[in-house]
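Q: Please take a close look at one side chain in this predicted model. Then please describe the elements around which the chain is arranged.

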Amino acid sequence: MRGTLIFSGSSCPALTGKVCENLGMTPADAELTQFSNGETSVRILNSVREKDVFVVQSGSPKINDTIMELLIMISACKGGSASKITAVLPYFPYSRQSKKKSHRGAITARMLANLLGVAGVKHIITVDLHASQMQGFFKCPVDNLHAEPLIARWIRQNVSDWKEAVVVSKNAGGTKRVTSLADALKLNFGMVTTDKKRGNGNMTGSMVLNPIDAVLDPIGEQVNEAVEHEEPLVSNITQPIAGTASPARRPNGSSLHSAKSLPSRLRSSTSALDGVDEEGEDGIEYNDQRVHEVTQARLVQGHIVPDDFESPAVSAATSVAGDDPMTMSHASSFFAPQHHAALGGSGDAAESSDEEEEILKDPKVEHMVTLVGDVKNRTVFIVDDMIDKPGSWIAAAETVVKRGLAKKVYCIATHAVFGADCLEQLQDCDCIDHILVTNSYPIPEEKARNASKLTVLDLSYLLAEAIRRNHYGESISPLFQHIME
């Protein structure tokens, strides 16, 4: 392409070389060095005057050095009178820090967007942002490409029984991404959620461990009192609590707080006094049977355990509720909100993978894993945008295999960050059969060779076509379309 220069950062020279090869070009020359004290030095060796410049830089284990190197390269090209500078970021750094998780937290992704703008970037090309609304952080256009068409095509070509498979999200936050792939392949989808299991301590322990429940669940207290005194409780159950939303309604208008969650001896009384038949207006019969597509399991230290396994949560709850004066002090102030409600209690600020990993590996905390969806004797695609820590992936894989009875599991992500020994743990997990990622994030060659389950898809064609269309002012909409073969 005439009038175009493509520079490579130190993080992904191999990917940049493939992109240039697809475009019939060679990477432009730049000298990237560091001083003895760690300062980054950049010297552009080609004339960039009135040229369309693309700088390719991805993440790396030394992420802060690569960011600084990118900013200096953009500034150097701007100082060299380049007509337009486009930053090509296959993996956008700090994308997981796109919102405040506490009052004193920083929105680091927005700060990085501001730094790129100040350096002189006029356009951004990236792949699968952690949150698509991050595009609003930039004052320049952003092309957020998707690896989903490449992944869907690989599945069609390499998975024999993919039409009977199920796409599963390993957490509630990834359901939108999972449903998108499921719609593209016309497959069913499911979800795995992980919650802390409540301990069976005494009153003080329950107030310390679950203060919000003590405030927001008066219905449960009323039911317990009715059971103890053998008095049918009806009148107050279906009344909305002051300051809270009304309870969910059945199709015929009655409250779902009624017979479903009450003991059997209360169920008949509430049904009779509410005047509600067990059959709705649409002929739907309501019963007490659990939905067959919902499966629960116990998770201790990141692994599924048998039902008779001794619960560390119970022992921890019992020990907390002793005669410790500090515990009693905490119990007396149980109305104080928890830290996650600091931003209004929306729950939108999800934990990072590092925090999630520490919680899953805590030997004193037991989790309850819930699988929603039927995966029995089916192939399962567990999908997320990146693989950083192995804990949640292994937990989800063990859940769908040991409890859901899935026959094969594929772990699929765009960005293969593979922190620490993540890839080795995924390779050693018997419940994981295949790991599918892209080369948006550089993977050490030795690690890739030793992982027989690993398959790496090439993004160079996608990025090369995006660069070509961007240079000639063509639409990039065709890059989002799925190619049926």
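A: The side chain of serine 58 reaches the backbone oxygen of serine 440 at 2.5 Å. This is a polar contact, that is, a pair of N or O atoms within 3.5 Å, of which, within protein, one must be able to donate a hydrogen and the other to accept it; residues adjacent in sequence count only if both atoms are side-chain atoms. The model is predicted, so local features need pLDDT of at least 70 and side-chain atom pairs pLDDT 80 or more, while totals for chains, interfaces and linings use all residues. Residues are numbered from 1 along each chain as its sequence is written, and side-chain values use heavy atoms, with hydrogens and water left out.

Serine 58 lies in the loop between β4 and α2; helices (H or I, at least four residues) and strands (E, at least two) are DSSP runs, numbered from the N terminus. With a relative accessible area of 1%, serine 58 is buried (buried means under 20%, exposed over 50%, partly exposed in between, with a 1.4 Å probe and protein chains only). Apart from neighbours within four places in sequence, serine 58 is in contact (heavy atoms within 4.5 Å) with Ser11, Cys12, Thr66, Pro90, Tyr91, Ser440, Tyr441 and Pro442.

On one side of this loop stands β4, a member of an open, five-stranded sheet with parallel pairing and the order β1-β4-β5-β6-β7; strands pair if DSSP finds at least two bridges between them. The edges are β1 (4-8) and β7 (142-145), and because each has a single partner strand, one side of each is left without a neighbour in the sheet. On average, neighbouring strands of this sheet are turned by 15 degrees against each other, direction ignored.

Within the sheet, the parallel strands β5 (residues 84-89) and β6 (residues 123-127) are joined by four bridges. Threonine 86 stands opposite histidine 123 in β6, and leucine 89 opposite threonine 126. In a regular strand the side chains alternate between the two faces of the sheet. Both faces of β6 are covered, with His123, Ile125 and Val127 buried on one side and Ile124 and Thr126 buried on the other.

Two helices lie across these strands. Helix α1 (residues 13-23) crosses β1 and β4 (52-56), running at about 160 degrees to β1. Helix α16 (residues 460-472) lies across β1, β4, β5, β6 and β7, at about 160 degrees to β6. Axes are lines fitted to C-alpha atoms, for helices over the stretch in contact, and angles run from 0 to 180 degrees between N-to-C directions.

On the other side of the loop of serine 58 comes α2. Helix α2 (residues 63-79) packs with helix α3 (residues 108-119) at an angle of about 25 degrees, their axes being 8 Å apart. The two are therefore roughly parallel to each other (under 35 degrees; over 145 is roughly antiparallel, 65 to 115 roughly perpendicular and the rest oblique). From α2 the contact includes Ile67, Leu70 and Lys78, and from α3 Leu112 and Leu115 are among the participants. The residues of this contact divide into nine nonpolar, one polar and one charged (Ala, Val, Leu, Ile, Met, Phe, Trp, Tyr, Cys and Pro count as nonpolar, Asp, Glu, Lys and Arg as charged, and the others, Gly among them, as polar).

In the protein there are 16 helices and 18 strands, and buried residues make up 44% of its 485 residues.
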